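Student: I am new to this structure. Please take a close look at a single part, the sheet and the helices that pack on it.

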Amino acid sequence: MSSVESQQEQLSQSDPSPSPNSCSSFELLDMDPGSLYEPVSPHWFYCKIVDSKETWIPFNSQDSQQLEEAYGSGKDCNGRVVPTDGGRYDVHLGERMRYAVYWDELASEVRRCTWFYKGDKDNKYVPYSESFSQELEEAYMLAVTLDEWKKKLESPNREIIILHNPKLMVHYQPVAGSDEWGSTPTEQGRPRTVKRGVENISVDIHCGEPLQIDHLVFVVHGIGPACDLRFRSIVQCVNDFRSVSLNLLQTHFKKAQENQQIGRVEFLPVNWHSPLHSTGVDVDLQRITLPSINRLRHFTNDTILDVFFYNSPTYCQTIVDTVASEMNRIYTLFLQRNPGFKGGVSIAGHSLGSLILFDILTNQKDSLGDIDSEKDTPGIAMDQGDTLTLEEDLEKLQLSEFFSIFEKEKVDKEALALCTDKDLQEMGIPLGPRKKILNYFRTRKHSVGINRPTVKPASGVNVSNIPRELEFCNKTDAARNGDYLDVGIGQVSVKYPRLIYKPEIFFAFGSPIGMFLTVRGLKRIDPDYKFPTCKGFFNIYHPFDPVAYRIEPMVVPGVEFEPMLIPHHKGRKRMHLELREGLTRMSMDLKNNLLGSLRMAWKSFTRAPYPALQASETTEETEAESESSSEKLSDVNTEETPVAVKEEVPPINVGMLNGGQRIDYVLQEKPIESFNEYLFALQSHLCYW
């Protein structure tokens, strides 16, 4: 019986009659040539975890092509590293992982993708693993070549994929509970669509970024770890900022970009919040935080207290050191990865970040040629009367045995004056000698002349406007605490580090610089003041931003004038602003015309009547009088038209802080924001990205 069945099976297999699941030979001849097998074009994706959910994002076409060329080069992929995303990420082909270059970020998985299925809760397609995609491709090739469809494949996750035809391929998830009884997966549940090739799925794939970089901008965040209402980090917000910049290049400078006359601007984030809160201060705060309204108190500790940290000498030193060292580190790394870079560097700060950059810039040295010189270390100036060497000072303290340690660490007297107890402890110096050394150099600081440099009138602030009691109080506090407080700037008494480059422009977004300078006791900025190493300064703010303050009134306190309005990127003002100005101008014109008509009517009533015999003689006189009255009327109109006068106001001298150009620039609010200023106040402070 079994032999008969086997013979029937052989006959059925050798039967040339077409099966219902396959096309006849004539139908095969009539098939579209495009349905014949062609190898699939792979595209590279990386996995991003957003809100604890995996999202697969395609590389731009330029990066995907580079990855495919490296993959198909035939060389060992284990050591291959391919830079992507404009050089901000490196892909290790052997590990199939993507690493950030300039900042700390979790590594993400990279995959060479050819087959996709639709996800559970959204319409985004998820790529299969590379090994299973290869199995699907082999099954698809056999199905197309032999014209045998309804192929069933089982994935490593016991999922069923059925290839019905080139246009219809479905994916079934395993039924819950089937593994308990050892049964095989079945075609149950809701089927999902399966697609072959990235060109068949709906996904945006960008062309890529220009290789040439014309300018580099460092972006420093404000308080807290989140930078917008969506609680995104500084890295994510700067990514959006960079995307907007690239879109504007394509829309406003398309021809120059096509002719390769311009490149792009690179924006790199600088994070100081994480290093600050990794010092252990969060643990100390948690011990004293009340248990009630836990989320609000956690938000306060993590965000609002950053302002108070910056006003503390201990944590202010940590913040300015982190910001400066991060910018120097990233700049050095950027030059290593872009040796042909010839462009300039600018810095931008949002909220408190702009104040941090302002304080760092005001404490820079003009010359960069002697950065490594210890005599030009910021905040230290040795008096010429101090002729003793470090070795002689240690002999006087009977601590000569520690001179070799200082010599090994390349610490001279200037550097030793900056050392703290912790620094000496790390060098291996015992407690007793540490106290002697610190006390000796602390007393010598005042008797010999190691002081923080005071700000002269030309360095930015009109010291004569500072109250005498404030100046006296600062000096007495300085003598008591062993530090000389900077009366001119009013900054916290810390050592401000130096930048290894000269920024061209400083952009402040939603900045409280003006408020902090006023609170520090400053009333006026000297018009001749400019940053030692930075040529330009733009204070940009939203009109409803509750944190933003102006700078120009501190330079020109006796003149009231409006900030510069930033034009819309489409080249005009927003509709509601144009409408508002149009109505204002119309009302002024109506007022002036009405006044002119009343004046003419009043003159006609008060004019004496002429006799009829003198009519011919007075015709010329009336014409002349009407001309003179019209001239007077025109004079009145020009005098009573403030709009016209306002447009012809001579340029205002706002000092040299921005090279003689205007400093304050205001954005145009959206029409919906103009209905209620208070409702959009918080959003206005976070809208700059």
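Tutor: Contact here means heavy atoms within 4.5 Å, and angles run from 0 to 180 degrees between N-to-C directions, with axes fitted to C-alpha atoms. The model is a predicted one. With those terms set, helix α11, residues 352–362, lies across three strands, β13, β15 and β16. Its direction makes about 130° with that of β15, which covers residues 344–350.

These strands belong to an open sheet of seven, and the pairing in it is parallel. Read across the sheet, the order is β14, β13, β15, β16, β17, β19, β18. Strands of a sheet pair through backbone hydrogen bonds, in either the parallel or the antiparallel sense. The edges are held by β14 (264–270) and β18 (564–565). Each of these two has a single partner strand, so one side of each is left without a neighbour in the sheet.

At the β14 edge, the partner is β13, residues 213–220, and seven bridges join the two parallel strands. One pair can be named: V220 has V270 of β14 as its bridge partner. Helix α5, residues 234–252, also packs on the sheet, where it touches β13, β14 and β16 (505–509). The direction of α5 makes about 170° with that of β14.

To put the two helices side by side: β13 and β16 are among the strands touched by α5, and α11 lies across β13 and β16 as well. The remaining strand under α11 is β15, while the remaining strand touched by α5 is the edge strand β14.

Notes: Residues numbered from 1 in each chain as written. Predicted model: local features only at pLDDT ≥ 70, side-chain atom pairs only at ≥ 80, totals over all residues. Heavy atoms only, no water. Pairing = 2+ DSSP bridges. Helix = DSSP H or I, 4+ residues; strand = E, 2+ residues; numbered from the N terminus.
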